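Here are some friendly notes to read with the model open beside you. Take them one at a time, and find each residue on the screen before moving on.

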Amino acid sequence: MTETVLVTGAAGTIGRLMRPRLARPGRTLRLLDLLDQPPAGPGERIELVTASVTDPAAMTAACRGAAAVIHLGGISREAPWEQILAVNVDGTRTVLEAARLAGVPRVILASSNHAVGMRPVAEAGPGGVPANAPPRPDTYYGVSKVAVEALGSLYHDRFGLDVVCIRIGSCFPEPPGVRGLATWLSPDDGARLFEACLAAPSPGFRVVWGASDNTRGHYSLTEARALGYSPRDDAERFAEKILAESAPAPGDALLGGGFTTTPVGEPNPL
Ligand code: NAI
Ligand code: 15L
């Protein structure tokens, strides 16, 4: 018996990092994106789907037979409102509705620190910013992640899906700049967190932070640990190099960093 996990946005940064890391004996990764993706390597058990998360028929077909969906697909930075609304908000509703229609019991949604990006870092407190800190979006993009979480809550309460929303910090091969020393989610810890979200018995609806166990971190990892997540990485091993090469950026006093100073509605540098 094989388990199929549908991953949307699989051609993106996180999707590409997770493709080898989420491979397991007995698991098929169904990798969906608008973009073409490299074919299966030797021994790799994957299915490739080229489709948009905004296409209800394609998404319902893609969800068929899946045990879970990891929804990463969408716009991952600031953009004009119409695009954010169509892809991130309507696209996420389409994914959840497709999962419901196809009987997929569990959906993991990529939320973001930018859902609470305007919150001052100084307010983090000793235990870190709780994972259910109230919305304080820094951009239209951040607003869309608040909506993503709200849609997940709706689909849990009204239709019984298990939905875990991960407020991801910064998931890249290395921490991006000084802020990244606090916000980094290493690719290996990212995979550990997705595995915990897939394996937790009946999680219901949850919001957790997605970060490594960073010495300078300011997110609470209590909620993710309660799901079974055990981070092993710490951005601190990059500190000397990063601090020698770069300085804090404007906006770093707020959780959202550079997104908090970018003009609303205009694409920002990643
Ligand atoms: P990315 O921009 O590298 O990848 C997004 C992928 O989604 C791309 O491959 C793109 O082609 C695909 N996509 C866009 N529109 C689509 C559509 N209509 N249908 C199907 N696929 C579509 O983003 P990244 O970094 O991989 O992030 C993945 C998710 O995690 C995004 O939802 C992002 O908002 C979220 N996130 C990422 C963080 C990070 O540090 N990388 C931090 C916080 C949240
Ligand atoms: C995000 O939400 C973005 O998708 C990602 O590209 C990074 O900018 C990340 O947040 C971050 O805050 O570092």
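The points below go through a strand, a helix, two ligands and two single residues.

1. Before you start, please keep in mind that this is a predicted model. Every value below was computed from that model.

2. Let us begin with strand β1, residues 3-8. Five of the six residues in β1 are buried, so you will find this strand mostly covered. Next to it, look for β2: the two strands run parallel and are joined by six bridges. One pair to pick out by eye is E3, which stands opposite R27 in β2.

3. Just before β1 you will meet T2, which sits in the segment leading up to that strand. Is T2 buried, partly exposed or exposed? Its relative accessibility is 39%, and therefore T2 counts as partly exposed. Setting aside neighbours within four places in sequence, T2 touches G26, T28 and R45. For a sense of scale, try drawing a line from T2 to G127: their C-alpha atoms are 40 Å apart in space, and the two residues are 125 apart in sequence.

4. Now move to helix α1, residues 13-21. Which residues of α1 are buried? They are I14, G15, L17, M18 and R19. A general point helps when you look at this pattern: an α-helix has 3.6 residues a turn, so residues three or four places apart point the same way. The cover over the buried residues of α1 includes strands β2 (27-33), β3 (46-50) and β6 (162-168), and helix α6 (187-199) is also part of it.

5. Ligand 1 deserves some time. It is surrounded by 26 residues, and the closest of them are I14, D33, S76, Y141 and C171. Helix α1, strand β5 (106-112) and helix α4 (140-159) each supply at least two residues of this shell. Strand β5 gives the most, with three residues. Sorted by class, the shell has 13 nonpolar, 11 polar and two charged residues.

6. Next, look at how ligand 1 meets the protein atom by atom. A side-chain N or O atom of D33 is 2.6 Å from an oxygen atom of the ligand. For K145, a side-chain N or O atom is 3.0 Å from an oxygen atom of ligand 1. With G12 the backbone takes part: one of its N or O atoms lies 3.0 Å from a ligand oxygen. Taken alone, ligand 1 exposes 820 Å², and the protein buries 88% of that.

7. Ligand 2 has 11 residues around it, and S76, S112, H114, Y141 and S170 come nearest. How do these residues divide by class? The shell has four nonpolar, six polar and one charged residue. The side chain of Y141 places an N or O atom 2.6 Å from an oxygen atom of ligand 2, and the side chain of S170 also has an N or O atom 2.6 Å from a ligand oxygen. From S76, a backbone N or O atom lies 2.7 Å from an oxygen atom of ligand 2. On its own this ligand exposes 320 Å², of which the protein buries 87%.

8. Finally, visit S202, in the loop between α6 and β7 (205-210). Its phi is positive, about 40°, although S202 is not a glycine. S202 counts as exposed because its relative accessibility is 60%, and the cut-off for exposed is over 50%.

Technical notes. Residues are numbered from 1 along each chain as its sequence is written. Chains are lettered from A and ligands numbered from 1 in the order in which they are written. This is a predicted model: local features need pLDDT of at least 70, side-chain atom pairs count only at pLDDT 80 or more; totals for chains, interfaces and linings use all residues. Side-chain values use heavy atoms; hydrogens and water are left out. Buried means under 20% relative accessible area, exposed over 50%, partly exposed in between (1.4 Å probe, protein chains only). Helices (H or I, at least four residues) and strands (E, at least two) are DSSP runs, numbered from the N terminus. Contact means heavy atoms within 4.5 Å. A residue is near a molecule or strand if one of its heavy atoms lies within 4 Å of it. A polar contact is a pair of N or O atoms within 3.5 Å; within protein, one must be able to donate a hydrogen and the other to accept it, and residues adjacent in sequence count only if both atoms are side-chain atoms. Accessible areas come from the Shrake-Rupley method with a 1.4 Å probe; for residues, only the protein chains shown count as cover. Ala, Val, Leu, Ile, Met, Phe, Trp, Tyr, Cys and Pro count as nonpolar, Asp, Glu, Lys and Arg as charged, and the others, Gly among them, as polar. Two strands pair if DSSP finds at least two bridges between them.
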